[in-house]
Amino acid sequence: MQTVSEIDDLSPGGGSLMIAWQLKGKRVLLVGGGEVGASRIGHLLRADAHITLLSPKKGLIPTTKDYIAKYPQRITYYDRSFTGPAELHKMDLVLTAIDSPAASREIADLCRQAKIPVNAADIPELCDFYFGAQIRDGPLQIMISSNGNGPRISALIKERVQASLGGYEGLALSKIGKLRAELKERVPDIGGAVGRKRMKWMSKICNDWPLIDFTLLDDAMIHKLLDEGWEKNRVPTFEEVCEKPKPSVVQATSSSTSGELSKTSRSNFLIPIANFLAGAVFMAAVMLARRR
């Protein structure tokens with residue numbers, strides 16, 4: 001629970017609420033099929049959204065055409081520009097990726113009247129939400145947002161964050177998710193004392209085990225971990241539940257979805273957050289000063 005002093009120390013407004021928006025099965029209207037539009041399609045497909053794309057064929061780049069051809073069940077394409085309010089019918093989200101600020105403003109105004117969240121590419125004041133520089137590795141998703149102020153700086157900070165990762169975090173998170181699901185199946189209570197105990201036990205094991213050790217979890221290990229850990233109200237060591245040798249960073253990354261091997265030692269699998277943020281902020285300040 002926050003103390004009064006912690007609340008008083010919060011910086012003033014002007015930021016955004018960072019959330020992970022679930023779009024599975026949602027209808028998203030995308031206006032524009034150029035480079036920005038193609039980037040938006042990639043994000044939406046990974047979020048399992050249903051996409052309605054409006055763009056004259058002459059405005060489609062090859063990547064967008066490939067998406068349309070490859071995902072006909074996920075993308076409904078119309079060879080036309082935005083025609084009016086009827087286009088918004090049953091839409092949950094609207095994105096514009098066109099070169100006309102006037103057309104984007106018209107679409108954004110219509111969305112607000114219909115109470116539909118909208119993002120207008122490169123026009124921050126029209127946006128209800130922003131896209132940012134993203135890092136994805138399986139279930140791991142990290143977004144760096146400049147709140148519409150400096151997308152390039154966000155991209156530079158992303159590079160620093162990505163360089164600090166070992167390449168196995170997504171795989172480890174997948175295994176942790178499976179452990180959590182098995183525990184919830186064993187103890188399905190929501191809230192109350194049991195729910196708090198379950199959360200505390202999961203937090204304890206995540207704190208006590210090095211992240212890389214989770215990459216070796218299999219069904220047998222998960223069951224043993226729950227039997228020896230949850231049922232006995234303790235956190236077993238890795239050696240107690242696994243007869244396999246501890247994984248090295250290279251072993252873990254070779255089976256991870258990131259596709260890149262890291263030679264970082266296990267004890268340094270993450271560069272301290274303060275270090276890379278401090279460097280990123282310094283770099284951002286220097287670049288902004290030069291631009292002025």
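The exercises below, each with a worked solution, concern a predicted model of a protein chain.

Residues are numbered from 1 along each chain as its sequence is written, and side-chain values use heavy atoms, with hydrogens and water left out. Because the model is predicted, local features need pLDDT of at least 70 and side-chain atom pairs count only at pLDDT 80 or more, while totals for chains, interfaces and linings use all residues.

**Exercise 1. The chain as a whole**

State how many helices and strands the chain holds, and what percentage of its residues count as buried.

Solution.
- Step 1: Helices (H or I, at least four residues) and strands (E, at least two) are DSSP runs, numbered from the N terminus. The chain has 11 helices and seven strands.
- Step 2: Buried means under 20% relative accessible area, exposed over 50%, and partly exposed in between (1.4 Å probe, protein chains only). Of the 292 residues, 37% count as buried.
- Step 3: A contact means heavy atoms within 4.5 Å. Among contacts with a separation of 6 or more, 59% are between residues 24 or more positions apart.

**Exercise 2. Strands β1, β2 and β3**

Describe how β2 pairs with β1 and with β3, and give the handedness of the crossovers.

Solution.
- Step 1: Two strands pair if DSSP finds at least two bridges between them. Strand β1 (residues 27-31) runs parallel to β2 and is joined to β2 by five bridges. Valine 31 has leucine 54 of β2 as its bridge partner.
- Step 2: Strand β2 (residues 50-54) also pairs with strand β3 (residues 75-78), in the parallel sense, over four bridges. Here leucine 53 is matched with tyrosine 77 in β3.
- Step 3: The path from β2 to β3 goes through helix α3 (residues 62-70), and this β-α-β crossover is right-handed. A crossover is right-handed if, with the strands pointing away from the viewer, the path from the first strand over the helix to the second runs clockwise.
- Step 4: A right-handed β-α-β unit is also made by β1, helix α2 (residues 35-46) and β2.
- Step 5: Four of the five residues of β2 are buried, so this strand is mostly covered.

**Exercise 3. The largest nonpolar core**

Find which residues of the largest nonpolar core touch the most other members, and which helix supplies its largest share.

Solution.
- Step 1: A nonpolar core is a set of buried Ala, Val, Leu, Ile, Met, Phe, Trp, Tyr and Cys residues joined through side-chain atoms within 4.5 Å.
- Step 2: The largest core has 22 residues, and Trp201, Trp209, Phe214 and Leu225 touch the most other members.
- Step 3: At least two core residues come from each of α6 (169-186), α7 (192-208), α8 (219-230) and α9 (238-241). The largest share, five residues, is from α8.
- Step 4: Leaving out residues up to four places away in sequence, phenylalanine 214 touches Ala172, Lys175, Ile176, Ile205, Cys206 and Trp209.
- Step 5: In soluble globular proteins, nonpolar side chains tend to be buried together.

**Exercise 4. Two positive phi values**

Locate lysine 115 and aspartate 122, and decide whether each is buried or exposed.

Solution.
- Step 1: Lysine 115 is in the loop between α4 (101-113) and β5 (118-120). Its phi is near 60 degrees, a positive value in a residue other than glycine.
- Step 2: Lysine 115 has a relative accessible area of 73%, so this residue is exposed.
- Step 3: Aspartate 122 lies in the loop between β5 and β6 (133-137). Its phi, near 70 degrees, is also positive in a residue other than glycine.
- Step 4: Aspartate 122 counts as exposed because its relative accessibility is 79%.

**Exercise 5. Salt bridges**

Give the atom distance in the salt bridges of arginine 112 and arginine 186, and say where the partners lie.

Solution.
- Step 1: A salt bridge is a side-chain nitrogen of Lys or Arg within 4 Å of a carboxyl oxygen of Asp or Glu. The structure holds nine salt bridges.
- Step 2: The closest N and O atoms of arginine 112 and aspartate 128 are 3.0 Å apart. Arginine 112 is in helix α4 and aspartate 128 in the loop between β5 and β6, 16 residues apart.
- Step 3: Arginine 112 is partly exposed at 34% relative accessibility, and aspartate 128 is partly exposed at 43%.
- Step 4: Arginine 186 meets glutamate 231 in a salt bridge at 3.0 Å, N to O. Arginine 186 is in helix α6 and glutamate 231 in the loop between α8 and α9, 45 residues apart.
- Step 5: Salt bridges that share partners join Arg186, Asp227 and Glu231 into one network.
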